[in-house]
Amino acid sequence: MSGLELFALLPVLVLALGATGLLMVGAWWPDRKALLFCGIAIALVAAVLAGGAAPPVTDIAGMFSAGPYARFFAILWSMLAALTLLLSGRYAEDQDFPAGEFPSLLLFAAAGMILLSSATSLIGMFLGLESFTLTLYILIAIDKKSSQGTEAGLKYLVMGIVATGFLGFGMALIYAATGSFQLPDAFQLLEKSGELRPIGLLGWAMLLSAIGFKISLVPFHLWTPDVYQGAPAPISAVLSTGSKGAVLAVLVTVMVGIPATLLDSLAPLLWALSAGSMVVGTICALRQKNLKRMLAYSSTVHMGLVLGALLAGGEIGWGAVVFYVVVYTVANLGAFGVLSSFSMRGGEPQDYRELYGVGYHHPRRSTALAVFLLSLAGIPPTAGFIGKFGIFHALLKADLFGLALIGILTALVSVYYYLRPIIILFMAKERSVCLHQGNDAELAVIGVCMLAILLLGLYPGPLFDLIAAIIP
Amino acid sequence: MSEHLLSLITFFPLLGMIVLLFIPRDNDGVLKGLTLVFTLITFFISLPLAFNDVFKTSAAMQYKEFVPWISIGDYFQMNYHVGIDGISLWLVMLTTFIMPIAVLSTWQSVTKNVKGFMALLLLLETGMLGAFISLDLFLFYFYWELMLIPMYFLIGIWGGAKRIYSAIKFFIYTAVGSLLMLVAIIFVYYYALQSGMPFEQGFSVLHFYDLNIPAETQTWLFLAFAFSFAIKVPMFPVHTWLPDAHTDAPTAGSVILAAILLKMGTYGYVRFAMPLFPDALQMFLPYLALLAVIGIIYGALVAMVQEDVKRLVAYSSVSHLGFVMLGIFALNIQGMAGGMIQMINHGISTGALFLIVGFIYERRHTRQIADFGGLAKRMPVFATIFLIVTFSSIGLPGTNGFVGELLIMVGAFESELRWFTVFAATGVIFAAVYMLWMFQRVMFGECKNPANQDLQDLTVREIVLMLPLLVFIFWIGIFPNVFFDKMNPSLENLIDQIKGKQQVAVVEQVNLPARNQD
């Protein structure tokens, strides 16, 4: 790996080295506030470098890209890390998280997500995916006093390891059939591999199952609600946004290079995964009485919808996917942000009955939560509407009428389960006890997310143009 | 200034909402006063529209504004494209006119979380005005959905006993229709692009009017639009959300819902569903007219047996809106003009009725007809106003209701809907029955219930807010031409547009077999 390539990898290096530094310093000077502040600064520096320092080469060791597409996600995930850290300052203090490890692990996770989003080979994909999943195992269970957190961590670990096994074996089979790890080649050569093609296809199926685990597609979604529920709210935010968005980002790279004949073989599988996720996720979400579990099932629905747009493909489809990922990330970060700002020492309100009438005590944050939920439901003037519009547009353009119909019906039903918490916040007669007042940092994060949601809802043009320009 | 007048009118309430957000929560008086001021100013700056004589001669869109808004690569272009003609003019005026009255009606009745209530009212006004002036279908959809959210909260937070149930029902019914409409909008857009519409025009409905969509495609698109608007109107059998929403909404919410939101549905037919898909309209016209007539009679019959005054008024809306639809479906100038003026009439009369129900509810905290009786002696001013409004709702000559219903009947009778008209006419009789019977039970007879003995008559505020409505009841009743003059050019143009395209389609159908024989 040459010096130029290292320089092209700079944002990731800053994150990884910064995280290591934090870990070291934290061992001797466990000053929580200062370390957290450093973590935020490192993430912001990484974001600035990703946006400002033009990479001298765009291909890094044949594994990762440093092109504009990769850099876009580098900025996005660095910002996610910075905002999550800002959000979790008080939370970490109240629940007594380890001072150095927490920010350090979050930065590592961000580095892993960036690597995954910029992967251009199967090896790069594997490395990126594993490096952030590994840190998430720890982060989910970082609250040592919480038995639910430990359970969630273990659950995610077991499921994750199975998924890793599938991923590794699937990649091995693809390599066996094609002799290449390079992303377009590994699939294009499959068509010329003659009698090895079935083996390659089997590898593909395994790879898809592993990805299904990571972005919780039906039938691999069962871990999601438990893990969301058990993990600390800021970590659930990362789990539901970055860890899924990064996988989707690399899936776009995969789908761009996939030959039409292979896509035809895989289309029924993708179709079924997409439709199944939307339908089952919706049905399960309807019954939830816990905000985090509801968001978990709803994320399955969103992922199904995005998978449909990936299948639709074309510049419209990929553009819609990336836009949707951004919007979904902002809305989910905001929603979990409100939850963690409500949290008290020793617990966070998740059950609907703990949220009765909260809107009267905390009108600003409750309004923000309502906006985020309305955005997830896809109602104007929020950005979620434009995102859904883009995806339906892509589905209709690609003649995927079945998926479009399922998408619309599930979007319709989703209105019910997104409105329910809003009702409970504002409309119940019972007044619950006051929740935490929240501090400025948390309010700032929520404010940024809300502003982004409304701005992208009213004026999404520039982001769409940007995305159209960077799609590989 | 005048080239941005429509935007000014639309966004002025939004400005008010933003101002309101900076007022501390407990200043109820200031909040209510400011909201009233903002809605009044909105009304005054909209007045030049009503006094502009250009509508008397021109059917074209006036006060047009066109600004590119969202563009997504080479695939999509949405514009901020607004304008009004004689059809939307009076609906815009109705909106700006009703809003101050609705705000004034909340003076006593809304006490909890006033800030939120007022902010939502102003947001709602922006949404409604925006929907009436949109000439870009995407923009229209945007405002259409935007209206839902404030209304949902108004019902759900400040509503009556079953408010949550009613609010969700309202939201889901409307959302079902609107998503179908969204798909249809995307389809029309593609069709327009394929048939050579300039990309920069976006979702401009003025360009969509010129399309010649094949009849089979029209069928599906029309059904999606018609279904969405039918829910909003509401037409039988998708009207069931209305009685619940009305019953549980706060007075101001009911007034706005009845006076303006329901007009979105009928307006949607006139502006979008009918001129965009004339062939499909022709095919479905008898069925839709049948539903309208069923709505007229069914709404009236159900209203007759209601024991809750508010529910009675709600069902009477179903009946009245049936008349509006019948008039529009007549597709001639009398019917159309009757339908349009009846939209305004219904806004004024039913709005007034909901206010009246609000007055007695604030005094007695009940709306059951059986709890009242003999109020006329205790509240003479109230009785007079109530009687005038009742007459207007029944359609007594001299009041606005008469003009609308008569024109609708004449128009429908002259069209191919003659037999439907015969049945619809019974609705007028039923209306007299249920309204007068209710009036008699509430106002006349002996005042037996001791709780009603010392009821206060209307306050000055209440009289002031009813007066403008009474003025318009007689104004439209006696000098309706002031309103028709500005409506007719646009309506004639619309009828020509629909009928012209239908004839083209007929000619093509006749020609097709001939070509095959060659």
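**Notebook: A226(B) and the interface of chains B and A**

I looked up A226(B) in this predicted model and noted a relative accessibility of 6%, so A226(B) counts as buried, the cut-off for that term being under 20%. I then placed A226(B) in helix α10 of chain B, which covers residues 215-232. I also checked A226(B) against I185(B): the two stand 41 residues apart in sequence, and their C-alpha atoms are 12 Å apart in space.

I turned next to the interface of the two chains. I recorded 35 residues of chain B in contact with 33 residues of chain A. Between them, the chains bury about 3,300 Å², and 80% of this lies on carbon and sulfur atoms. On the chain B side, I found that Y75(B), F142(B) and L179(B) lose the most area to chain A, together 16% of what that side buries.

I searched the interface of chain B and chain A for salt bridges, and the rule finds zero. For polar contacts between chain B and chain A, I noted three residue pairs, with both residues at pLDDT 80 or more.

I then asked which elements of chain B supply the side that touches chain A. Strands β1 (62-72) and β2 (76-84) and helices α7 (137-158) and α8 (163-194) each give at least two residues to that side. I noted that α8(B) gives the most, with 13 residues.

Last, I sorted the residues on the side of chain B that touches chain A by kind, and entered 27 as nonpolar, four as polar and four as charged.

Key:
Residues are numbered from 1 along each chain as its sequence is written. Chains are lettered from A and ligands numbered from 1 in the order in which they are written. This is a predicted model: local features need pLDDT of at least 70, side-chain atom pairs count only at pLDDT 80 or more; totals for chains, interfaces and linings use all residues. Side-chain values use heavy atoms; hydrogens and water are left out. Contact means heavy atoms within 4.5 Å. Buried area is the accessible area (1.4 Å probe) that two parts lose on being put together, summed over both. A salt bridge is a side-chain nitrogen of Lys or Arg within 4 Å of a carboxyl oxygen of Asp or Glu. A polar contact is a pair of N or O atoms within 3.5 Å; within protein, one must be able to donate a hydrogen and the other to accept it, and residues adjacent in sequence count only if both atoms are side-chain atoms. Helices (H or I, at least four residues) and strands (E, at least two) are DSSP runs, numbered from the N terminus. Ala, Val, Leu, Ile, Met, Phe, Trp, Tyr, Cys and Pro count as nonpolar, Asp, Glu, Lys and Arg as charged, and the others, Gly among them, as polar. Buried means under 20% relative accessible area, exposed over 50%, partly exposed in between (1.4 Å probe, protein chains only).
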